[in-house]
Amino acid sequence: MENIAIIGIGMTAIEADKKGDTFADMAWEAVNKALDDAGMTIDDLDNVVTTSNDFWDGRTISCMAVSDAGGASNKNVSCVEGDGAFGAFYGMTRILSGSYGTTLVIAHSKGSESVSSLITNAAFDPIYDRALGMDMITASAMQANAYMHGTGATPEHLAMVSVKNHGNARLNPLAQLPMDITVDDVLNSEMIADPLHKLDCSPVSDGCCAVIIANESKAEKYRGKPVWVKGAAFCSDAYFLGDRDLSYARSLEAAAKKAYSMAGIIDPKKDIDVAELYDAFTYQEMMWAEALGLCQDTGAGAMLEKGLFDIKGEMPVNPSGGLLSGHPVIAAGLIRIAEAVNQLRNDAGSYQVEGAEKAIAHGVNGLCGQSHCVWILSREK
Amino acid sequence: MSKKRVAIVGTGQTHHKSHRPDVNGQELINEAVQRGLEDADLTIDDIDAVVIGNMDHFEGINYTDCWSVDGSGAFMKPIMKLTTGGTTGSTLGIGGYHMVASGLFEKVLVIGWEKNSESDTTGAITTAFDAVWDRLVFAGAISGLAVEAQAYMAKYGATDRDGARVSVRDRKHACNNPYTQLRKEVTLDEVLASPMLADPIHLLDVCPRTDGACAVIMANEDVAEKICSNPDWILATANRHTYTYLGDVNWGELDSMAGAAKDLFNKAGIKEPRNEIDVIELYQPYSFAGIIWIEDLGIVGRGKGAEYIWSGATDMGGELPINPSGGVIACNPIGATGLIRCAEAALQVMGKAEQRQVPDVNIALSSGFGGCMWTDLILHGKKKPDF
Amino acid sequence: MKEDFAGVEPAIYKSGISVPYHWWAGETASRFFTAIRDEQKFVGVKCLKCGKVYLPPRKTCPTCFRENEEWVELSTEGEVVSFTVARRQFAAMPKKAPVIYGLIKLGGADTAMLHMLGEVEPSSVRIGMRVCAKFSENRSGSIMDIEYFKPV
């Protein structure tokens, strides 16, 4: 793959309710931050890819809301409906195709404006499943049970993820839920859907992220320090939950294999220095870390027990605090990419992983991690 | 892996109908996909990635890319959803192009689909517009189009009779297309006598509501000619989603079309579109657009659209046939429609358009329309482009 | 510009999208529901290439990508593959919490179906538990024609 870099990032704070901001206002903030970061003006952007979801926005053609804020009115523009990591992938192909030198990718959502249960219930097949009234939380709880049954992971292991991520969030000024909690706090929090307690679940948040991708010649033209894309891949599992082995993230394994191959990574445990993963729920960080090959054979639980996923551990996962500390859907995966960029540029302030050279950023589409998008980023070209 | 030239090597569509009660959405998608694979003589295993889209609120299903997997063939493959409203189909065509041109995927399956019969179309469209400023006064798609027609008429003295001539043309062309929904000719008088929806738009001036799906298979230059002896090369793509608020629109001229066309022709080196383009599949949701938008394309000068249409230049056999498929007035499964334009343009270039074939097609143009008067354009050609 | 907004309370407009839907189930799903409604039977489809039996049934096999040609009658009894107990009253739930949701693999099927469990204490549900279907008194051809699955 030709050399592609991320040269600018911008994020709004992640908050429970951005009362004063419309989608366009959030996009305006994130885009301007990204432009400042890269040392570019809006005219330097050759094309725009927005990422949004019609259900979450309550708006068909949801891309319309952020088009102007992205400077897209006189540019080539498109929209991916799905997680921002996928949007960024498409934005990258528009450069690799030779059509454009730079792409602005924006991803947003305002969870505060809607009833999340009804929105994720709409992901269920209307003919066979929807009437049952499940949603993202009950589906994920079902997967958590399958995962724990299949691997022996315990409620304490899940709680450790929450403790770590909320703790990390205290170091991240943009995070919504910095918290100093213990495993017992998590286990004593309200049981939402067995086995997930309240503190096992990410909140529903408002937020927006913008990322500027560039080809090699443009990457070297602007002030923003480039972080190089060494590999990127995505893959989807079957749709019906009953068709899948919910305890095993096979589509993530496939996407990871492809991304590692593109990046020339043979042993991710050795080569990857930090990972920003899609932890919508505590058990997911464990499942995804295992499928990505970041854990010893004893699994994620053992890694957590030994503190290996901590910022100062051997394999830091979600030093930013992850989604458990703030989850604007759609923007979520793009924020993972932006946080990975922060790490590789040595810009992550108090949650910086020392000497980070290669990072994984990861996004998810669909129920129970049906479809995954994996990015391998590097400080060196 | 480096950038590649891209060709369409196969297409498939369902026989579009107002209702398809025999299939659910996944099954409808599958029909088009199976036909596309058959046309290209490929199996689903040959496909490296899938790009799919529809307009969510028409079917009320969230994350349809994930949901579609059984029907779209994306099991354990990369699948991504693109959606931009009415322009979705053409946005998908452009998306498939970039995915292949990037060099990351050799063969990509592009799918556009819609089951408009499953919902209240107008109710769903109304949510496109800003909840605070536009939604409460905007009554679905037709009113905006009527405003455009009125603005043009006021400037150039055209009448609804001129619009009707375009309907007559497209409904006649549709009779040659076995896939399209409405396959009965209409006369000028019939169009003008049909109920007025929003002055000057009559019922027979606008598109119907349709269930349908379309699949297009794109391949890179390394394999395109092995799969298909006469592939349709994508010469260039361009789009403009210019406006967000209805009040900002420059009514009577389609600025997004003019902007996208300028960009497209620049990329492809087209200097005289009227002479160089052999056929146009225009996403024309209502008849009057057929008069106005050819001016924005630079086919004719401002105010000259009606005259050109009346001359027969855009009929089959004319100098620049438009919508040999019958276009959108004969069939409109919204998420598929723009991709059907792309597929029909490809069929013209590949010489596979059967009864609706325009002779000697070297260059074809397909367009998409939607949103707040937005335009997507794709230029297709018989000859492999220089880089 | 920020000073312009001092003292301006952000306005909030409430609205709901009103788009009614009716979904075509298609012939395959219709046959499945008809069998439940009229005969209290479960029918799945079999792919003749890979031999997999799908429940809920679909027209094409997702792995072989060919039409599933054979209908197979399945047992009304099966095994719980996974489950959860919804404790909070989520907006989408039609029943009052706690509701036990389960993935149930019926005898003869290679895939599991989603539904609810009943006549069992949430704390007693186990993965691997054997359950059987309890059909509703009034059946209309929908997934709710099954009231729930209960322990055998």
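How many of the eight residues of strand 11 (residues 374-381) of chain B are buried? In this predicted model, eight of the eight are buried, so strand 11 of chain B is largely enclosed by the rest of the structure. The points below begin with that strand and its partners, and then turn to the domains of chain B, the contacts between chains, a helix pair in chain A and a sheet in chain C.

**Strand 11 of chain B and its partners**

- The side chains of the strand point in two directions, with B:Trp374, B:Asp376, B:Ile378 and B:His380 going one way and B:Thr375, B:Leu377, B:Leu379 and B:Gly381 going the other way, and all of these residues are buried.
- Strand 8 of chain B runs antiparallel to strand 11 of chain B and is joined to it by seven bridges, and within this pairing B:Asn239 has B:Asp376 as its bridge partner.
- Strand 10 (residues 363-370) of chain B is also antiparallel to strand 11 of chain B, with eight bridges joining the two, and here B:Gly368 is the residue that stands opposite B:Asp376.
- Strand 10 of chain B and strand 11 of chain B form a hairpin with three residues between the strands, in which B:Gly371 takes a positive phi near 55°.

**The two domains of chain B**

- The domain assignment divides chain B into domain 1 (6-121 + 210-227) and domain 2 (128-209 + 233-381), and the C-alpha centres of these two domains lie 23 Å apart.
- Where the domains meet, 38 residues of domain 1 of chain B are in contact with 36 residues of domain 2 of chain B.
- On the domain 1 side of this contact, the elements that give two or more residues are strand 1 (6-13), helix 5, strand 4 (107-115) and strand 7 (211-220) of chain B, and the largest share, eight residues, comes from helix 5 of chain B.
- Sorted by class, that same side of domain 1 of chain B has 13 nonpolar, 22 polar and three charged residues.

**Contacts between chains**

- Chain B touches chain A through 50 residues of chain B, which are in contact with 49 residues of chain A.
- Helix 5 of chain B gives the most to the side of chain B that touches chain A, with six residues, and this side as a whole has 23 nonpolar, 20 polar and seven charged residues.
- In the contact of chain C with chain B, 20 residues come from chain C and 24 residues from chain B, and the chain C side has eleven nonpolar, six polar and three charged residues.

**A helix pair in chain A**

- Helix 4 (residues 84-96) of chain A packs against helix 14 (residues 331-344) of chain A at an angle of about 70°, with the axes 5 Å apart, which makes helix 4 of chain A roughly perpendicular to helix 14 of chain A.
- A:Gly84, A:Ala85, A:Gly87 and A:Ala88 of helix 4 of chain A meet residues of helix 14 of chain A, among them A:Ala331, A:Gly333 and A:Arg336, and the residues of this contact divide into six nonpolar, three polar and one charged.

**A sheet in chain C**

- Three strands of chain C make an open sheet with the order 2-1-3 and antiparallel pairing. Strand 2 (53-54) and strand 3 (70-74) of chain C stand at the edges, each with a single partner strand, so one side of each has no neighbour in the sheet.
- Strand 1 (residues 42-46) of chain C pairs with strand 2 of chain C in the antiparallel sense over two bridges, and C:Lys46 stands opposite C:Val53 of strand 2 of chain C.

Definitions and conventions. Residues numbered from 1 in each chain as written. Chains lettered and ligands numbered in written order. Predicted model: local features only at pLDDT ≥ 70, side-chain atom pairs only at ≥ 80, totals over all residues. Pairing = 2+ DSSP bridges. Helix = DSSP H or I, 4+ residues; strand = E, 2+ residues; numbered from the N terminus. Contact = placed C-beta atoms within 7 Å. Nonpolar A, V, L, I, M, F, W, Y, C, P; charged D, E, K, R; others polar. Axes fitted to C-alpha atoms, helices over the stretch in contact; angles between N-to-C directions. Parallel < 35°, antiparallel > 145°, perpendicular 65-115°, else oblique. Buried ≥ 20, exposed ≤ 12 C-beta atoms within 10 Å, placed from the backbone. Domains from an automatic or database assignment.
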